[in-house]
Each structure stands twice: as C-alpha cells, then as structure tokens.
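Me: I would like a close look at one part of this model, with the surroundings described as far as they help. Please keep it plain and give the cut-offs.

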Amino acid sequence: MVLTPALRNETDAAVRPSDRLTDRHGRRITDLRISITDRCNYKCVYCRTGNDGAVYAELSIAEYLRMARVFIALGIEKIRLTGGEPLLRRELPQLLRELSALRTLDGEPLDLALTTNGHLLEEMAEPLRAAGLSRITVSMDAVDADKFARITRVPGSYQRVLAGIRAAKRAGLDPVKVNCVLLRGFNEDQIVAFAKFSREEGVIVRFIEFMPLEEDRLWTPESVVSLREITTALNSFKLLVPLAPNAASETAVRYTFDDGVGEIGIIAPVTQAFCGHCSRVRLTSDGKIRTCLFSQTDHDLYGVLQRGGSDDDLAAFIRRTVDQKEARHHIGEPGFLKPSRSMVHIGG
Ligand code: SF4
C-alpha cells in the first residue's frame, strides 16, 4: 500500500531510496508541474499561433489532489501549478490551501510555485498568498506596452501585468520572477530594458530561449536568441557577475550585475540543454503524464483513477511511466519531431 506522508508514522521504516521516483537514467524526479486548465485569456504569438482548436478537459480539484498525493508519496518535493492560465480556475486558492497542508516524504512542506500571465494577478495576489503560496512566476515578454499588446494580442495587457507584479510584491510573494521568451524579430530589443526593469522593480528576470512548442510552425533555429547573444547584450549595459545555482536541477544560469543590483537568469534549453539534471515530469489539465516537454506520447494516469484504481495502482502506473522518461530533447537534430502537444496544452 502507498503510504502517503499523512499515513506514514514514526514506526514506519525510514524512507528507502527505492521509495523515491527515479528514472532509468538515474535522475531523481522531485518536481511535478500540474496544469489545471489549458484555457488562457492571452493569445501570445509564439504560443497560440494557429487555431488548433483543441480544448482538453479540466479535472476537479479533488482529482488533481488525489493524484498529487500519490506523487508526493513517491518523492515529489516541489509542485508548480501552470496552465493555460491557472488564475482562470476559481478553485485555485482552495487547491493551494490543500497542497500547502501536505508534507514531503521527509516531513517538509512542499515547495509550491505557480506560473501566471499576470493579467488577473492584481486582484488575486493577496488570496494566493493567504492560501499558502510564497513565490510566483509571471510570464511577460516586453516592457514596452505597445509591443507587449502585439505579442499577447490583448490591448492594455502591459498595465495589467505590471500592476499584478507590484501587487504580488506588496502581498509578500518573494521572489517574484518574470519570465521572458525571446523571439528574434519580436522582442530581442527588450533585453536591456528588462535588465533595468529587474533593478527598478526588484524582480528576478529570466530570459528563455524559444523552443519549438508553439501551435503552428513558427520555430526555426534562426528564431532563437541564444544565451551568448543575451549575455553580450546585457554586458553592453552593465557587467554581468555569475551567481551560483540554487540547486543542481536549476534550469536558469544566474547572474547579477557588478554593483549587485538586480538578478537575471537565462534558461537556454536549445543552446545549453540541461536534460542531464532533469528532475521534472508534468501532469496535463486532463490528467495525462508527460515525462518530457518534447514527449511524443501521453500516459493516461486519470484513466487509471477513472477505472477505480487504488493509490497503489496509481503509484505503480507513475513508476512505470517515469521509468520510460526520455534522456533528453533532440531539438535541431535531424529527425527531430515536434511534441505531440503544444505548450498551452502541456503547461510550462
Ligand atoms: S527537454 Fe525534457 S528531459 Fe530535457 S529538461 Fe526539458 S523536460 Fe527535461
């Protein structure tokens, strides 16, 4: 029987390494990303380029919680809630409250995180904080209001997101991270402006290399603004000083500036892949496990639950699935296949 942390007591034997999720490449899987909706109130040009029209199901909070508990009993220590746009789910604070009450195999609080486009954040920052969220990541691809509206295809979006970021800071969410996907020809001219934004607003700005996860066929190797280009642009503004990673599995390369003001991260999955330390799996809004962003297949965990599966059945399915986790992505290699789902239907 799967002993979820709540079921473990002092008399149970210590947690064995074999209790913890590990893939066949020897990587410990400690990080679960749960998409709680693939609906979104933005239509960002590098994500929802086409109109694949696909709308996947959303599950109940209780169903996500049940699956999350089994993952936690298998060694998950960090849960990031994503979407689509997770703030569109009214039950989000309830889910956060329930998750923040759970403990890892080691009896520690879960590391809870959330990624949002920030459009609803001004009014939601306090309730999210009160529900147990301690930090937040906001997707924002320009600090120029017109350019931002062209990217999101939503008028007035910049002012909403900026107000949301400031409300998050006032609510005590810390750190507030701002993720910017760089796309050549769209926003590579925003790099230095974002460096200034990081210093003025006291947020951590992270630049992300564009990955082939969009709905249509916009991605080309030339559309990628590489880590090297980003550091060159930033150093033209102020000298970058490398910072140590927070954890081995951290995806961002971290920097501050020579005066110690501001923090920048660069996530470079295309030019500096970090698959060797990957500790992540994803649960889609309709309850499918994706072992890698670039998987060609989904694994229907929710189906096991629907068929009346026990926690043991769910755990066994998760273990078998994680064991098949891909070693790495093959972006830009001959024969590279785009994943079977686009980013909006996977969750960040
Ligand atoms: S591409 Fe796949 S294996 Fe590589 S870091 Fe991302 S999720 Fe992990």
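Which residues does Ser-279 touch, not counting residues up to four places away in sequence?

Reply: Ser-279 touches Arg-28, Ile-29, Thr-30, Asp-31 and Ser-249, with residues up to four places away in sequence not counted; contact means heavy atoms within 4.5 Å.

First, the basis of the values. This is a predicted model, in which local features need pLDDT of at least 70 and side-chain atom pairs count only at pLDDT 80 or more, while totals for chains, interfaces and linings use all residues. Numbering starts from 1 along each chain as its sequence is written, and side-chain values use heavy atoms, with hydrogens and water left out.

Ser-279 belongs to the loop between β9 and β10. Its relative accessible area is 4%, so the residue is buried; buried means under 20% relative accessible area, exposed over 50%, and partly exposed in between, with a 1.4 Å probe and protein chains only. Helices (H or I, at least four residues) and strands (E, at least two) are DSSP runs, numbered from the N terminus.

The strand before this loop is β9, residues 263-267, and five of its five residues are buried. In a regular strand the side chains alternate between the two faces of the sheet. In β9, Glu-263, Gly-265 and Ile-267 point one way, while Ile-264 and Ile-266 point the other way.

β9 has β6 and β8 as partners; two strands pair if DSSP finds at least two bridges between them. With β6 (residues 204-209) the pairing is parallel and covers five bridges, and Ile-208 stands opposite Ile-267 of β9. With β8 (residues 252-257) the pairing is antiparallel, with four bridges. Here Ala-252 is the bridge partner of Ile-267. Ile-267 therefore has a partner in each of these pairings, which fits the general rule for a sheet: strands pair through backbone hydrogen bonds, either parallel or antiparallel. The hairpin of β8 and β9 has five residues between the strands, and Gly-260 has a positive phi near 75 degrees there.

These strands belong to an open sheet of twelve strands with mixed pairing, in the order β7-β8-β9-β6-β5-β4-β3-β2-β1-β10-β11-β12. Its edge strands, β7 (240-242) and β12 (299-300), each pair on one side only. At the β12 end, two bridges join β11 to β12 in the antiparallel sense, with Ile-289 opposite His-299.

On the other side of β10 there is a further loop, from β10 (280-283) to β11 (288-290), and Gly-287 is placed in it. Gly-287 is buried because its relative accessible area is 0%. Residues up to four places away in sequence aside, Gly-287 touches Leu-59, Met-67, His-299, Asp-300, Leu-301 and Tyr-302. Its C-alpha lies 8.7 Å from that of Ser-35, although the two are 252 residues apart in sequence.

Two loops elsewhere have backbone features to check. Most residues other than glycine have a negative phi, and most peptide bonds are trans. The bond from Asp-174 to Pro-175 is cis, with omega near 0 degrees, and Pro-175 sits in the loop between α5 (157-171) and β5 (176-182). Arg-153 is not a glycine but has a positive phi of about 60 degrees. Arg-153 lies in the loop between α4 (145-152) and α5, and is partly exposed, with a relative accessible area of 39%.

Finally, the chain as a whole. There are nine helices and twelve strands. The 348 residues would give a compact globule a radius of gyration near 20 Å, and the chain agrees at 20 Å; the radius is taken over C-alpha atoms, and the globule rule is 2.2 Å times the number of residues to the power 0.38. The C-alpha atoms fill a box of roughly 60 × 50 × 40 Å along the principal axes. Of the 348 residues, 55% count as buried. Among contacts with a separation of 6 or more, 74% come from residues 24 or more positions apart.
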